[in-house]
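Open your viewer, get a selection prompt ready, and follow along. We will go from stop to stop, picking out a few side chains at a time.

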Amino acid sequence: RSNSSKSNDTKVMSYFSLPAEYAFVARAISQMDGVGKNLDPEFDFISSAAPYLVEIKGADLYLKEEILKFFRNFENKITEFQTKIIPQWWKRQSDRFNNTFR
């Protein structure tokens with residue numbers, strides 16, 4: 001590796017600060033995922049761990065976040081419907097109407 005790419009990496013990494021506990025947890029998760037995939041190639045650590053996250057995080061906080069995600073997604077779909085789907089549909093209907101009387 002060249003010195004310039006190393007210095008660029010150093011500049012980029014200077015913007016990130018990760019507490020040691022998070023680094024250790026990330027390393028442990030990575031190792032558990034690796035062991036699981038060696039034993040079973042179709043192993044998915046996140047799917048396996050998800051039920052326990054509810055216990056650790058607390059069901060009320062987990063449910064609150066999931067509900068907020070659902071409504072944000074729903075709001076995005078409504079916005080997309082209003083800004084893309086309806087205008088396209090309206091244009092097609094208008095074109096059909098205009099073509100009918102030509």
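Which side chains meet in a salt bridge at 3.0 Å, N to O, when you select K69 and look for its partner? Keep that in mind for a moment while you get your bearings.

**Whole chain.** This is a predicted model, so colour it by secondary structure to start. You should find 4 helices and 0 strands, running α-α-α-α from the N terminus on. Now switch on a surface: the chain exposes about 9,500 Å², with carbon and sulfur atoms supplying 61% of that area. Buried residues make up 4% of the 102 residues in the chain.

**First stop: K69 and E66.** Select these two and show sticks. The partner is E66: its side chain meets that of K69 in a salt bridge, 3.0 Å from N to O. Both residues sit in helix α4, which spans residues 59-100, and they are 3 residues apart, about one helical turn. What is their exposure? K69 is partly exposed at 48% relative accessibility, and E66 is also partly exposed, at 31%.

**Second stop: D95 and K91.** Stay on helix α4 and select D95 with K91, which lie 4 residues apart there, about one turn of the helix. Their side chains form a salt bridge with an N to O distance of 3.0 Å. D95 has a relative accessibility of 32%, so this residue counts as partly exposed.

**Third stop: D33 and K37.** Move to helix α2, residues 20-39, where D33 and K37 are 4 residues apart, about one turn of the helix. Measure from N to O between their side chains and you should read 4.0 Å, a salt bridge. The cut-off for a salt bridge is within 4 Å. D33 has a relative accessible area of 22% and is partly exposed, because buried means under 20%. K37, at 37% relative accessibility, is partly exposed as well. With this pair, the count comes to 3 salt bridges.

**Last stop: a nonpolar patch.** Which residues make a nonpolar surface patch of about 610 Å²? Select L63, I67, F70, F71, F74 and I78, and show their surface. L63 lies in helix α4, the helix that also holds K69 and E66. Colour the patch and the K69 and E66 sticks differently, and you can view the nonpolar surface together with the salt bridge you began with.

Methods. Residues numbered from 1 in each chain as written. Predicted model: local features only at pLDDT ≥ 70, side-chain atom pairs only at ≥ 80, totals over all residues. Heavy atoms only, no water. Helix = DSSP H or I, 4+ residues; strand = E, 2+ residues; numbered from the N terminus. Buried < 20%, exposed > 50% of the residue type's maximum accessible area, 1.4 Å probe, protein only. Patch = residues over 30% accessible without salt bridge, like charges linked within 9 Å, V, L, I, M, F, W, Y side chains within 5 Å. Areas by Shrake-Rupley, 256 points an atom, 1.4 Å probe, with all protein chains shown as cover.
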